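Dear colleague,

I am passing on to you the structure that follows, together with a short account of what was found in it. Please look it over first, and then read on.

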Amino acid sequence: MTTPRTPDELLALDALLTDDERDTATTVRAVLDEHVRPHVGRWYLDGTLPARDLAKLFGDLGLLGMHLEGYGCAGTTATMYGVACRELEAADGGVRSLVSVQGSLAMYAIHRFGSEEQKLEWLPRMAAGEAIGCFGLTEPDAGSDPSSMRTRARRDGDDWVLDGAKMWITNAPVADVAVVWARTDEGVRGFVVPTASPGLTAPEVPGKLSLRASVTGQLVLDGVRLPAGAVLPEVTGLRGPLSCLTEARFGIVWGATGAMRDSLASALEYAGSRVQFGRPIAGFQLTQAKFADAAGAYAKAVLLAHHLGRLKDGSVPGARLTPEMISMGKLENVRAALEVARSMRTVLGGSGITIDYSPLRHAVNLETVLTYEGTQEVHQLVVGKALTGLDAFS
C-alpha cells in the first residue's frame, strides 16, 4: 500500500516557498492549533470571537500589518503575508478577516495615506494588537457602487463634522479606530475616527449565517466632530479606498487556498477511517474522483496566489501586479474554494453538517467572501474590461 500524500506534497507546492516563508507557515499553524482550532467551532455556533485576545496574540506574532514597513510593523514580503493568510483561513475565514481588516485595510490606509502624526499615534499600537481598527466604506445603499455613498463630511471652522452610516464593517463593534470614507466638497476623503468620539455608535449586525466567528457591525455617525488633522492628507477621491480594497483582496486570494486545503484534509482523514461496504470510503472510485478534482483545484489556486505574491514583491522581471490581476485571483480562488468545500462536505455524509468537521463551515464562510470586497460579478466585469477595453459597468 502506498503512503498517502497531502495536496501540497503531491505537486511539491511547498518547494515554491523560501525557508522563511515555510517557517512562518509552521509557526502560525502551531499557534492556531493551540489557540484557535480547539475553540473555533464553539465561537462559530455562538456567533462570537474573542477579537481583543486574538489581536494581542497575532500582534505578538507580528502578523498585524506584517507586510508594512516601520511603525512596529514586521516589514515582511507580500508572499509571506499571503502564506500567513492561508494558515489563518485554514482555521477560519472570520479569523483571517480580523487580520486582513486590521492590516490591509485600516493600517494600510493610515500607512499609505496618513500623516506622520496619524501613523505614530495608531500604527505601533495596531501592529501590537493593542488597538483594533476597522474600515468604513460600504453603506446600506452603497455596496458595489461606492460612488453613491451618502456619508458626508462638512467643514465647521477648522473642524470636520461627519454624518452617515456604514454597514457590514468587520471589527466595528470592538474597534478603537475607524477609517471612514465620506463625501466632501473636495471629493471623497478618508478620516481617522477614534470610535470613542461623541456621536459615533457601532451596533453589531445580528443574525448572521456566515462568518459567525467574526465581529461585524455598523458605524453610525451623527454629528461626529473631528479636528482638522483627522483627514487622511495624501489622497482625494475613490482611488484611496479602492486601492485599500485591492490590498486586502490579495490576502483573500491566499486565504481561499487555506479553506480549500483544510476542507480537503478533513475529508481525506474522515474517508480513510469511515468504513462502508467492508472498506474505507477513501477506496471508492467516486470518492477518489472528488479528491483528485479538489487537489487539482487547490494546486491551481496556490500557483495563482504564489504568482501574484511574487509579482507584488517585484521578483518577476518585466512584470508588475495590477488590480485586474488581483480581481482575477479573488474571482477564481474564492469560486474554486467554495466548490471544493461543498464537495468535501459530501464526502463526510451526515457528519459533514456538524460543527465537528470544517468543510461546511468553510463553505458557508466563503459565501460571504464571494460577496465582500467586490462581488463575483464585479470582478468578472473588471477582468472583462481588461480583456476587451470596454467598460460594462455603465
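To begin with one particular pair of helices in this predicted model, the residues R96, S104, L105, Y108, A109, R112 and F113 of α6 are in contact with R239, G240, S243, C244, L245, E247, A248, G251, I252 and G255 of α8. Sorted by class, the residues of this contact between α6 and α8 are eight nonpolar, five polar and four charged. Helix α6 covers residues 93-113 and helix α8 covers residues 239-273, and where the two pack, their axes lie 9 Å apart at an angle of about 145 degrees. The crossing in which α6 passes α8 is right-handed.

Turning to the chain as a whole, its secondary structure consists of 12 helices and nine strands. The radius of gyration is 21 Å, close to the 21 Å that the globule rule gives for 394 residues, and the chain is therefore as compact as a globular protein of that length. Measured out along its principal axes, the C-alpha trace extends over about 80 × 50 × 40 Å.

As for the interior and the surface, 52% of the 394 residues count as buried, while the accessible surface of the chain amounts to about 16,900 Å², with 54% of this belonging to carbon and sulfur atoms. Finally, among the contacts in the chain with a separation of 6 or more, 76% are between residues 24 or more positions apart.

With best regards

How values were computed
Residues are numbered from 1 along each chain as its sequence is written. This is a predicted model: local features need pLDDT of at least 70, side-chain atom pairs count only at pLDDT 80 or more; totals for chains, interfaces and linings use all residues. Side-chain values use heavy atoms; hydrogens and water are left out. Axes are lines fitted to C-alpha atoms, for helices over the stretch in contact, and angles run from 0 to 180 degrees between N-to-C directions. Helices (H or I, at least four residues) and strands (E, at least two) are DSSP runs, numbered from the N terminus. A crossing is left-handed if the near helix is turned anticlockwise from the far one by less than a right angle, and right-handed if clockwise. Contact means heavy atoms within 4.5 Å. Ala, Val, Leu, Ile, Met, Phe, Trp, Tyr, Cys and Pro count as nonpolar, Asp, Glu, Lys and Arg as charged, and the others, Gly among them, as polar. The radius of gyration is taken over C-alpha atoms; the globule rule is 2.2 Å times the number of residues to the power 0.38. Buried means under 20% relative accessible area, exposed over 50%, partly exposed in between (1.4 Å probe, protein chains only). Accessible areas come from the Shrake-Rupley method with a 1.4 Å probe; for residues, only the protein chains shown count as cover.
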